[in-house]
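Work through the exercises below with the sequence and the model open side by side, and try each task before reading its solution.

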Amino acid sequence: MIHLGDRFMKENKHMKAVGYIESLPISEERSLFDFEAPRPEPGPRDLLVRIEAVSVNPVDTKVRMRRAGTPGQPVILGWDAAGVVEAVGRDATLFKPGDEVFYAGSITRPGSNAEYGLVDERIAGHKPRSLSFTQAAALPLTAITAWECLFDRFRIPIGKAPTDDAILIIGAAGGVGSIAVQLARRLTNLTIIGTASRPETRDWVAASGGHHVIDHSKPLSEELARIGHPTVRYVLSLTHTDKHWAEIVKVLAPQGEITLIDDPASLDVMQIKGKAGTLHIELMFVRAMHETPDMIQQHKLLDEVSALVDEGLIRTTLGQEFGTINAANLRKAHQALESGRSIGKIVLTGF
């Protein structure tokens, strides 16, 4: 256990945390380690949250390899969290101490892999009453991402008006895909086509609400033709966009739209000009990073997701539990994500 500054430990309450100093392969023991740090103090609109459970996302592994810390200030990763409000800032009005919350935080602040964390109340939601902290921690980051892709980027109308339009969700068994399929099925009348390449992932997508499941290890155009949907109005590309780009262009309907969330090295966007296609890029941290005027929309959509869960309309995307929140278990979680074979979300609970 590493202790940060004895002087600070004497003057401030402290907490357990997991972090790193230098970017290392996850197989290295120092890639993530346990340490103690001062407990943070809430700013004007902050909530101080006692963290009960966290989940791990691909962004955690990416940041670990791109951002370095210092011996005095290791980087604390993790953004998904579920917990209990301990204190609120002087200008906070949406929550009170004792409230159970879930949130995905801001990439510009220390993460949730700690006993306590700060989050601006405008990007936190009330935890679903029907879920445990473990189940709830699986949802925030992916639910925000999926909601923004469907309803902010594509601007798909919410409702069950008849439509012949279809959405293709590439990588539908992952964290974002698992909730995007559910939201699209429950809140729209689109035909939902998810991609998965293994029996267990195909079953997961079907159970989440996909009308069709096709194999992304085969040409998408051939797979879509096989099920009678040669073109689609919407393509939500969650992984390997550059690998699938030629096929995405081929299956996109005229005046269709694409939203991607991954980081392709390059794309020839002009290939969709012949279809007057539209390309959107989603990054769910933007509202918090830039404190946009509509930042509170993330609070509202998380409360909406919470209500949908409590009404039994969508379910948690928890896939695996990796034990308590510590460096050893988080290293295992990062390894699982980096393998590209995880299903749903990986969650860790308690210290």
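The exercises that follow deal with a polar cluster, a helix, the empty spaces and a few loop residues.

The model is predicted, so that local features need pLDDT of at least 70 and side-chain atom pairs count only at pLDDT 80 or more, while totals for chains, interfaces and linings use all residues. Residues are numbered from 1 along each chain as its sequence is written, and side-chain values use heavy atoms, with hydrogens and water left out.

**Exercise 1. Polar contacts of two buried residues**

Task: Establish where serine 55 is found and which polar contacts its side chain makes, then do likewise for asparagine 57.

Solution. Begin with location: serine 55 is part of strand S4, residues 46-56, where strands (E, at least two residues) and helices (H or I, at least four) are DSSP runs numbered from the N terminus. With a relative accessible area of 1%, serine 55 is buried, a word that stands for under 20%, as exposed does for over 50% and partly exposed for what lies in between, all with a 1.4 Å probe and protein chains only.

Next, look for polar partners. A polar atom of the serine 55 side chain lies 2.9 Å from the backbone oxygen of alanine 137, and a polar contact of 3.1 Å links the side chains of serine 55 and lysine 345. (A polar contact is a pair of N or O atoms within 3.5 Å; within protein, one must be able to donate a hydrogen and the other to accept it, and residues adjacent in sequence count only if both atoms are side-chain atoms.)

Now turn to asparagine 57, which sits in the loop between S4 and H2 and is buried at 2% relative accessibility. The side chain of asparagine 57 makes a polar contact of 3.1 Å with the side chain of lysine 345.

Finally, compare the wider surroundings, with contact taken as heavy atoms within 4.5 Å. Leaving out residues up to four places away in sequence, serine 55 touches Asp80, Ala137, Ala138, Lys345, Ile346 and Val347, and with that same exclusion asparagine 57 touches Asp80, Leu141, Thr142, Leu337 and Lys345.

**Exercise 2. The two sides of a helix**

Task: Find which residues of helix H6 are buried, and explain why they lie on the same side of H6.

Solution. First list the buried residues of H6 (residues 199-208), namely Thr201, Trp204, Val205 and Ser208. They lie on the same side of H6 because they cover an arc of only 95° around the axis, the arc being that of the directions from the helix axis to the C-beta atoms. In general, an α-helix has 3.6 residues a turn, so residues three or four places apart point the same way.

Then examine the other side of H6, where Asp203 and Ala207 are exposed. The cover over the buried residues includes helix H5 (175-187) and strands S10 (191-195), S11 (212-214) and S15 (318-321). After the helix comes glycine 209, with a positive phi near 125°.

**Exercise 3. A pocket and a cavity**

Task: Describe the second largest pocket and the largest cavity by volume, and then describe what lines them.

Solution. On a 1 Å grid over the protein atoms alone, a cavity is a set of points where a 1.4 Å probe fits but cannot get out, whereas a pocket is an open set with protein on both sides within 12 Å along at least five of seven lines; lining residues have an atom within 4 Å of a point. Points are joined across faces, edges and corners, and a volume is the space filled by probe spheres set on them.

The second largest pocket holds about 520 Å³. Of its 22 lining residues, Gln73, Pro74, Ile76, Arg109 and Pro110 are the closest to its centre. The lining divides into 15 nonpolar, five polar and two charged residues, where Ala, Val, Leu, Ile, Met, Phe, Trp, Tyr, Cys and Pro count as nonpolar, Asp, Glu, Lys and Arg as charged, and the others, Gly among them, as polar.

The largest cavity holds about 70 Å³, and its lining divides into four nonpolar, six polar and one charged. Among the residues that line this cavity are Trp79, Tyr103, Arg109 and Pro110.

**Exercise 4. Positive phi in loops**

Task: State how accessible histidine 240 and glutamate 291 are, and where each is placed.

Solution. Most residues other than glycine have a negative phi. Histidine 240, however, has a positive phi near 50°; it is found in the loop between S12 (232-237) and H8 (241-251) and is partly exposed at 47%. Glutamate 291, with phi near 45°, lies in the loop between H9 (286-290) and H10 (297-310) and is exposed at 53%.
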